[in-house]
Structures are given as C-alpha cells and as structure tokens.
Amino acid sequence: MKAQQIVPFPFVDLRAQFEPIREEIAAAVMRTLESQRFILGPEVEAFEKEIASWNGSDTAIACASGSDALLLALMALDIGPGDEVITTPFTFVATATAIIRLGATPVFVDIEPRTFNLDPGKLRAAVTARTKAIIPVHLFGLSADLDPIRALALSSGIPVIEDAAQAIGAKYRGRRVGNTGLINCFSFFPAKNLGAAGDGGLMTTNNQGLADRIRVLANHGSRAKYSYEIIGINSRLDALQAAILRVKLLHLEDWTEGRRRNAARYTKLISDLRLAEHVTLPVEPAYAYHVYNQFTIRCRRRDALRAYLSSHGIPAQVYYPHPLHLEPAFAGLGYGPHDLPESVRAAEEVLSLPVYPELPPENLEAVVEAIAEFYGTK
Ligand SMILES: *Cc1c(COP(=O)(O)O)cnc(C)c1O
C-alpha cells in the first residue's frame, strides 16, 4: 500500500483501547460512585495489593502522579538542600524537577547511545560525598542496565530510585522492574502502558519502614486524623482512577504483547529495507524485556523525515527534542552545549513511531513504506 493513500491516523489511539473494555470500565466507575468512597478506601487498597502482587513487590503506595511518586520517593529519603542526585538528562522533565523542588541538585550523567539509558560506565565519576540517590530512568520501556548501577550504589551506600514511569511490566534479567530499586516510581498518565482516565502514580518498595513513611508523607504528613508527624503533601490516587486501573491491569499483559508484536514487525520490515546508514533501530539487550512505551529509532535528517511522514498523514513524535541540561529552566546548573554529547546527539536524531497495541497492521506498513520512500529506496 502506498503511503499517500493512508488516512491520517493518531500517534496513540486511546479510544481503540477503551472500546473493547467500556462495559468493564463503566461497571467499575458506577461501583465506585455507588460506594461514595472517593479518597483512599477499598478501591485504592485493592489496586495497591493487586499491582504489588502483579509486579512481585512487597508494597505499593498509590499517589496522584508519576511526578509526585518521584517527589515522594526523594522526600522519603530526606533529600534536600546541599544534596546531589544523579540522573540522566535524556528523560521527561519530571525526573529532574522533583530533585530541584526539594532544593537538591541534579547531577546529569550521559546516556549509552544504543539504549538511551544512563551509562553505568560514566556513573562513578559523578559520585561525590553529597550524592544521596541515583535515579536511573527506564526510558521508552527499556530497563536501564541495573547490575552495574546497583553495584556502584551499594559500594557507595547510595540508594537507587527507579523511574519506571514508561516501563511497567518491563524486565531486567527476568525480574520486573519496580521491585529492584529501594523505591520505584510509576506513572498512570493516559498514554503510559497502563494509563488512567487522568493523572495517577505509584511507588513500590520492599522496605516496610519506607512504605509507611511514604504513606504518611502522601497524606499531609498525617497518620491519625489532625495529628501531623512530618510535613507532607496531598498526593493520593483518586478511588475512581484506582477502580479504572484495576480493570486495565487485567489487560496489561495482552497490551504489552501487542506493543512487542508491533516492535518486532517494524524491526523486520525496516531491517529488510537495508537502511542501516540512515536508520538505527532500537535494541533489546540480553538483560532486557522491552515494553515499548515508545518505538524510537535514530535517523539521519530527522526533522525532514518527520515532516515528510506528517505530510503523508503519518504521525511520529520526538521524545525528547532537547536534553534537560540545555533547557532554560536548568541554566542555573551551569551545563554547556558541549557537555553530555550523547544526550545532545540523541535529541537531534530520535524519532518515535506509533507502536500502540491496537495499531492496524496496514498503518504500520504505511509508516515503513513512507520511510522507505523518504530515503529513496522505493
Ligand atoms: C510520564 C513520566 C513521568 C511523570 O509522570 P506523570 O504521571 O505524568 O507525572 C516521570 N518520568 C518519566 C520518565 C515519564 O515518562
């Protein structure tokens, strides 16, 4: 099929996910409305138990967003002014702003070009006496290489907080991410692999003391009503969102398989085009089970390719067009344009193709066809 004949289609089609489960969702919403329990309560408790067990974690604590999960994780570890937290500049902004909101300083370490994740080989040079945490991000649904990160963290006594916002269900050496760090953070933003009908987030931990502290922090610093142990925030998952997420969790494995099937199809079709000098495909290292929140290629003349695709009704997105260390909001950290060159190069070359589970096969083929046309191999 020629790319020109395709009707424009969306980058993510949440309606296609909703239609087959609308009755289940409607029943869950009605059940919650009938219960009139909107804040915490049985839906949230049940969801926390179900997702902890699904993920193989001891405890899950839900909160209002993935951004809050990162903030609460850092608060739970008492991170504040004078402290440094190591993370990647090639991520969504919330990974770094959580650190800055607490008065601490993000220390950016460059990425591995193949995986887009924190380069463990560059970590040690970034550790100082002030380093209080390392936040690897499992970008696009691919686990960071955790063993060397954990080995360094352990030998330096530094806790690891995993940003698994894009990686629910992803595995590292056979284990699901989110039970490997001291605290692990997830997001239920609608376009994540497990998405709410609005904002939502969650932390998992196998440390009961921390779990207890996070619960108190997320509920105004209060355990018993109107008694305040510590300064907290209001960050809870709405019961309505928990009820919806309980339904969706039952489908997550199928959806992940759909994403992986699409990724495998792209990999096959694009490899067959012999475009290696123009396009680099995403990798799935032996340690990883990739859940493809994004299917992200690197490509020559990225902006021209994206414009070409767009003019043929084919959506593609750039995650992320700028590494964080060069954004005006982070100018105070003092990084320059020659720092962290792999992140800078990735931001110039990446292009994410539609990979959502319900993507019609003919649309996937049209994406590949248009890429072939652009590079003149068709
Ligand atoms: C989505 C995302 C977040 C933030 O999650 P929200 O629920 O949108 O606040 C944090 N980190 C990464 C890597 C993300 O992709």
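This briefing describes helix packing, nonpolar cores and some backbone features of the structure above. The model is a predicted one. Its largest nonpolar core has 41 residues, and another core, of 29 residues, lies apart from it. Two helix pairs are described below, α9 with α12 and α2 with α8, followed by a cis peptide bond between Y319 and Y320 and two residues with a positive phi, L40 and Y226.

**Packing of α9 and α12**

- Two packed helices are described by the angle between their axes and the distance between the axes.
- Helix α9, which covers residues 252-272, and helix α12, which covers residues 361-374, have axes that come within 10 Å and cross at roughly 30°.
- Because angles under 35 degrees count as roughly parallel, α9 and α12 are described as roughly parallel to each other, and their crossing is right-handed.
- On the α9 side the contact is made by N262, R265, Y266, L269 and I270, while α12 contributes L364, E365, V367, V368 and I371.
- Sorted by class, the residues in this contact of α9 with α12 are seven nonpolar, one polar and two charged.

**Nonpolar cores**

- Within the largest nonpolar core, of 41 residues, those with the most contacts inside it are F90, Y266, L351, L353 and I371; of these, Y266 of α9 and I371 of α12 also take part in the contact between those two helices.
- The elements that give two or more residues to this core are α9, β12 (295-299), α10 (302-311), α11 (341-349), β13 (350-353) and α12, and the one that gives the most is α12, with eight residues.
- L351, when residues up to four places away in sequence are not counted, touches F295, T296, I297, C299, R302, L305, R306, L309, A316, Q317 and V318.
- The other core, which lies apart from the largest one, has 29 residues, among them V44, I51, A196 and L237.

**Packing of α2 and α8**

- Helices α2 and α8 pack with their axes 9 Å apart and at an angle of about 150°.
- Since angles over 145 degrees count as roughly antiparallel, α2 and α8 are described as roughly antiparallel to each other, and the crossing of this pair is right-handed.
- From α2 the contact takes in E24, I25, A28, V29, R31, T32 and L33, and from α8 it takes in A239, L240, A243, I244, R246, V247 and K248.
- The residues of this contact of α2 with α8 divide into nine nonpolar, one polar and four charged.
- Q241 also lies in helix α8, and it counts as buried because its relative accessibility is 9%.
- Leaving aside residues up to four places away in sequence, Q241 touches A196, A197, G198 and D199, and A196 is among the residues of the 29-residue core.

**Backbone features in loops**

- Most residues other than glycine have a negative phi, and most peptide bonds are trans.
- A cis peptide bond, with omega of about 5°, joins Y319 and Y320, and Y320 is placed in the loop between α10 and α11.
- L40, although it is not a glycine, has a positive phi of about 50°; L40 lies in the loop between α2 (22-35) and α3 (42-55), and it counts as partly exposed because its relative accessibility is 32%.
- Y226, likewise a residue other than glycine, has a positive phi near 60°; Y226 lies in the loop between α7 (208-218) and α8 (239-249), and it is exposed, with a relative accessible area of 66%.

Definitions and conventions
Residues are numbered from 1 along each chain as its sequence is written. This is a predicted model: local features need pLDDT of at least 70, side-chain atom pairs count only at pLDDT 80 or more; totals for chains, interfaces and linings use all residues. Side-chain values use heavy atoms; hydrogens and water are left out. Axes are lines fitted to C-alpha atoms, for helices over the stretch in contact, and angles run from 0 to 180 degrees between N-to-C directions. Helices (H or I, at least four residues) and strands (E, at least two) are DSSP runs, numbered from the N terminus. Angles under 35 degrees count as roughly parallel, over 145 as roughly antiparallel, 65 to 115 as roughly perpendicular and the rest as oblique. A crossing is left-handed if the near helix is turned anticlockwise from the far one by less than a right angle, and right-handed if clockwise. Contact means heavy atoms within 4.5 Å. Ala, Val, Leu, Ile, Met, Phe, Trp, Tyr, Cys and Pro count as nonpolar, Asp, Glu, Lys and Arg as charged, and the others, Gly among them, as polar. A nonpolar core is a set of buried Ala, Val, Leu, Ile, Met, Phe, Trp, Tyr and Cys residues joined through side-chain atoms within 4.5 Å. Buried means under 20% relative accessible area, exposed over 50%, partly exposed in between (1.4 Å probe, protein chains only).
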